[in-house]
Structures are given as C-alpha cells and as structure tokens.
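Colleague: I have a few basic questions about this model. Please take me through the reasoning each time.

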Amino acid sequence: MQSNIQECLNQEIWAVVGVSTNPAKFGHKVYKKLKRCGYTVYPVNPKLSEIDGDPCYPSLSALPILPDVVSIIVPPSVTEQIIEECAQLGIKRVWMQPGAECQEALRKGREKGLKLVANECVLVQAQPR
C-alpha cells in the first residue's frame with residue numbers, strides 16, 4: 001500500500017467524504033490540510049451545503065468533476081457504500097482515514113480493483129506541493 005500512498009499524493013483533485021465544519025473533527029482537518037497543501041478539494045457531506053464558502057456536495061456522483069482520489073472519513077459501514085460508489089463512478093484511488101476502514105470495505109475495494117490506502121493518515125502524509 002506504500003506505493004498507493006505516493007500515487008494518491010501525486011494526484012491533483014481530491015474529494016473528502018465526511019467533511020465537517022467542526023474544526024475538532026478529522027473531516028475538517030483533512031479538508032483544510034489538503035487545501036493548504038495545494039490540492040483541488042471537493043467537500044462531500046449530505047448534511048452540509050457549504051464549508052468555508054465552498055459548495056459542499058451530497059455525494060460523489062453530485063460532484064462537477066470526478067476526483068482522482070477520494071479520502072473517506074466516515075464510519076466503516078458507510079465506507080462500504082462509498083467504495084461501491086467509487087467503483088461505479090470509475091474512481092480508482094481511495095484513502096480510508098484510520099477509523100473509516102473495515103475488512104469488508106478493504107475486501108470490496110480490492111475485489112473491484114481499487115488502489116487503496118488504509119491505516120495511514122492524510123494529515124501525516126500530505127505535504128505542500
């Protein structure tokens with residue numbers, strides 16, 4: 001999975017599923033860090049209409065463009081659904097933040113040929129571009 005980390009970090013467009021307006025939550029921290037590092041980042045959360053003045057989208061399929069990488073910061077049961085949506089949309093790279101992954105989501109992702117990152121934190125790995 002180490003090569004998947006570098007491949008993800010070399011991409012330009014990210015979606016953060018589970019973005020939050022609460023600065024204490026990882027969904028907020030990951031979104032802000034990716035933006036600070038120079039990535040194009042789309043926030044995804046069906047409960048929000050915007051974050052920091054940027055429109056927030058209810059799902060990956062609602063995005064105006066397909067992201068190169070999807071960062072998932074939701075409970076494992078929701079992660080499984082996001083993996084399915086990524087595969088259906090043709091999104092190949094998925095980064096599951098610690099706590100979002102589960103064996104079933106990993107199995108489904110591998111089965112569908114996705115390039116997965118798990119047990120690694122975007123906050124630690126992402127650097128300014």
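Colleague: Is Glu80 buried, partly exposed or exposed?

Modeller: This is a predicted model, and the answer rests on relative accessibility. Buried means under 20% and exposed means over 50%. Glu80 has a relative accessibility of 22%, so by these cut-offs Glu80 counts as partly exposed.

Colleague: How far apart are the closest N and O atoms in the salt bridge of Lys108 with Glu80?

Modeller: Lys108 belongs to helix H4 and Glu80 to helix H3. The two residues are 28 residues apart, and the pair links distant parts of the chain. Their closest N and O atoms are separated by 4.0 Å.

Colleague: Is Lys108 buried or exposed?

Modeller: The cut-off for buried is under 20% relative accessible area. Lys108 has a relative accessible area of 17%, so by that cut-off Lys108 is buried.

Colleague: Which helices does the salt bridge between Glu84 and Lys108 tie together?

Modeller: The closest N and O atoms of Glu84 and Lys108 are 3.6 Å apart. Glu84 is partly exposed, at 23% relative accessible area. The two residues are 24 residues apart in sequence, and their salt bridge ties together helix H3 and helix H4.

Colleague: Which residues are joined into one network by salt bridges that share partners?

Modeller: Lys108 forms a salt bridge with Glu80, and Lys108 also pairs with Glu84. Lys112 belongs to the network as well. The members are therefore Glu80, Glu84, Lys108 and Lys112.

Colleague: Which parts does the salt bridge between Lys35 and Asp54 tie together?

Modeller: The N to O distance in this salt bridge is 2.4 Å. Lys35 is partly exposed at 35% relative accessible area, and Asp54 is partly exposed at 23%. The two residues are 19 residues apart in sequence, so their pair ties together helix H2 (residues 26-36) and strand S4 (residues 54-55).

Colleague: How many salt bridges does a search of the whole structure find?

Modeller: The pair Lys35 and Asp54 is one salt bridge, and Glu84 with Lys108 is another. A search of the whole structure gives a total of 10.

Colleague: Which residues touch the most other members of the largest nonpolar core?

Modeller: This core has 24 residues. Helix H3 (76-89) and helix H4 (103-111) are among the elements that each supply at least two of them. Met96 touches Ile72 and Ile83, among other residues. The residues touching the most other members are Leu60, Val70, Ile72, Ile83, Cys86, Val94 and Met96.

Notes: Residues are numbered from 1 along each chain as its sequence is written. This is a predicted model: local features need pLDDT of at least 70, side-chain atom pairs count only at pLDDT 80 or more; totals for chains, interfaces and linings use all residues. Side-chain values use heavy atoms; hydrogens and water are left out. A nonpolar core is a set of buried Ala, Val, Leu, Ile, Met, Phe, Trp, Tyr and Cys residues joined through side-chain atoms within 4.5 Å. Buried means under 20% relative accessible area, exposed over 50%, partly exposed in between (1.4 Å probe, protein chains only). Helices (H or I, at least four residues) and strands (E, at least two) are DSSP runs, numbered from the N terminus. Contact means heavy atoms within 4.5 Å. A salt bridge is a side-chain nitrogen of Lys or Arg within 4 Å of a carboxyl oxygen of Asp or Glu. Lists of a residue's contacts leave out its neighbours within four places in sequence.
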